[in-house]
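Hi,

Here's the structure I said I'd pass on. Have a look at it first, and my notes are underneath.

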Amino acid sequence: MVVTEHAVVIAGGGPTGLMLAGELALAGVDVAIVERRPNQDLPGSRAGGLQSRTIEVLDQRGIADRFLAEGQVAQVAGFARIRLDISDFPTRHPYGLGLWQKHIERILAGWVAELKVPVHYDTEVTGFAQDDAGVDVALSDGQRLRAQYLVGCDGGRSLVRKAAGIEFPGWDPTTSALLAEVEMTEEPELGVRRTPSGTHALGKVDYEIKDGAVVYKPGGTVGVMLTESQVGTSEPTLRDLSEGLVAVYGTDYGIHSLTWITRFTDTTRQAAAYRKGRVLLAGDAAHVHSPVGGQGLNTGVQDAVNLGWKLAQVVKGISPESLLDSYHAERHPVAARVLRKTMSQVALMRVDDRIEALRDTVAELLTMDEPRKRYAAMMSGLDIHYDLGEGHPLLGRRMPDLDLVTASGRLRVFTLLHDARPVLLNLGEPGGFDITPWADRVQSFDARYVGPWELPALGPVPAPTAVLIRPDGYVAWVGDPTQLGLADALTKWFGQPAAA
C-alpha cells in the first residue's frame, strides 16, 4: 500500500479547515485536507455572516475584499436578537457581512487552491494511530496518509475527537428547529412569527438589494426556519416540515421540491482538551452551541488563525512542541465564553411572558452606551483578550490596523501581516531595536503613527513605543528601546535566537 506523507493532515474542508490549511501553506508547511463531500458545493444557506473581527482576520491575509465584494455589509452584531450597533467602533470594519456559508467556503477554497493545497474530496478519515513521530491516518478509500500532526475540523460529531478519546462535556438540547429550503405552490407569509413554541421565519432565498431595500423575486425557493414544539433528534423529513408549517401557519403552502433540510438544536458542548499528543481539534469539533448570535463559524475561523502559525513553527522545528499548549490555553476560554453567552441568549428568547419582561429589561440596558459597547465588542469578536500577563492594555489584544508612515511611504499594519509572519513595529526613534538573532523569522519595521490609540469597549489607551505582533494579529509584547522582556517574548513565541 502506498502511504502519502504530509506534515499536517486536516480532517474536514469547511471554513475552519480551509482557513487552517491556508495559514499552514503561507508558512510553507506541506498540508492536505480530507473532505467527505465530493466537492466544495454546500447545499442550502446555513451560517450567514462574518463578524467584524473575522473580517479583520481575513484583511490581515489580504483577502477580505474577496468576501466584501460578494456580501452585504450590515450591522449584524446582536444579543438575543437585540441589535448592537458597532458603527462607532475603532476598526476599519465597523460592521458585519451578510454572506451565506456556501459562498464563504467557495471563496476560501479558491484562496487555498492558489496556495496549492491538495484536497482529498469524497473521502473520510476512518481512523488513525499516533506514535512519537507522527500519525498514521486511514481513509475511507483504503489509502493511508502519514502526518506529523492531524487536526480534526470535522464538525460536532467529529470522528477525530472521538477516536482520540477526548471528552466532550456539556448540556443536552432543550429546543430544536428545522432549517430548510423548499418551493411552495402558494405565496407564503414572509417574515418572522413568534408563537408559544418559539420563533419561526419564512424568507425568499432569491432576492436583490435595490436602493438599500430587499426586493424578493416572485416564486422561487423559500427558506424556512421552524422552532419545534418538542425537541427532535432524528434526521428530518419533508413530512416533518409540512407538519411543522401547518402547526404554526395553518398550512404548508403546498411545499415541494425540497432542496435540503437539517435540524439544529441548542446542544452545548466543548472538548475537554484541544490537543491530545499529535492530534488537535478546531471549530465545531472543539465546540458546539446554538447558532443564535452567529458566532460558530467565526469562532472556528479564529481557532484556525490562532493554531496555524504555532503548528507551522513546531513542524518546522522553530519552536518546541510545548508552544501548542498555548492554543488550548488561549482558545478554550474564548469558546467557553461563547457557549455561556449563547445559552443565555437561548434562555432570553423563550416565548413566555416573564421571559419577555426579562428580555425587555436586557434590551433597555443594552441601549445604554457602555453596556452596548461591551456586549457589541464581545459579540463581534473585537474584545478577545489572551492572558499574556500584566502590562500595557494592548498586550494580548488585537493590534489595530493603523495607517503608518514609513521611510518608503504609507502602510497599513494589516498589510505587514499578509504573509502571516510576526512583526516588531518600532514607533519610536528609528533603529532603536536589534533583533538580529530572530531576523530570519521576525520582520522589523520603523514607522510613525500620528493619531489616537483606541480599543473597542476599552476606549483610549497610551501610545506604545514598540509592539511585537504575532502572525494572528495579537500583541505579544509592548515596550521601549530598553528592550526589557523583548528577548523573552521573542524566544517564547518565535523560538530560540539563532547562533551568532
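Below is what I found on one helix pair and on the cavities. Keep in mind that this is a predicted model.

Let's start with the helices. α2 (residues 52–60) and α7 (residues 296–315) have axes that come within 9 Å of each other, crossing at roughly 35 degrees. The crossing is left-handed. On the α2 side the contact is made by Arg53, Thr54 and Val57, and they meet Asn298, Val301, Gln302 and Val305 of α7. Sorted by class, the residues of this contact are three nonpolar, three polar and one charged.

Now the cavities: there are two of 30 Å³ or more.

The largest has a volume of about 130 Å³. Its lining counts 15 residues, with Gln295, Val334, Val338, Met378 and Gly381 nearest the centre. At least two lining residues each come from α7, α8 (325–348) and α10 (369–379), and α8 gives the most, with five. The lining is a mix of five nonpolar, six polar and four charged residues, in case you want to think about what faces that space.

The second largest holds about 50 Å³ of space, and this one takes us back to the helix pair. α2 and α7 each supply at least two residues of its lining, with α7 giving the most, at three. Arg53, Val57, Gln302 and Val305 are among the lining residues, and those four also take part in the α2–α7 contact. Also in the lining are Asn306, Arg331, Tyr386, Asp472 and Tyr474. By class, that lining has four nonpolar, two polar and three charged residues.

Cheers

Notes: Residues numbered from 1 in each chain as written. Predicted model: local features only at pLDDT ≥ 70, side-chain atom pairs only at ≥ 80, totals over all residues. Heavy atoms only, no water. Axes fitted to C-alpha atoms, helices over the stretch in contact; angles between N-to-C directions. Left-handed = near helix turned anticlockwise from the far one by under 90°. Contact = heavy atoms within 4.5 Å. Nonpolar A, V, L, I, M, F, W, Y, C, P; charged D, E, K, R; others polar. 1 Å grid on protein atoms, 1.4 Å probe; cavity = no way out; pocket = protein on both sides within 12 Å on 5 of 7 lines; lining within 4 Å. Points joined across faces, edges and corners; volume = space filled by probe spheres on them.
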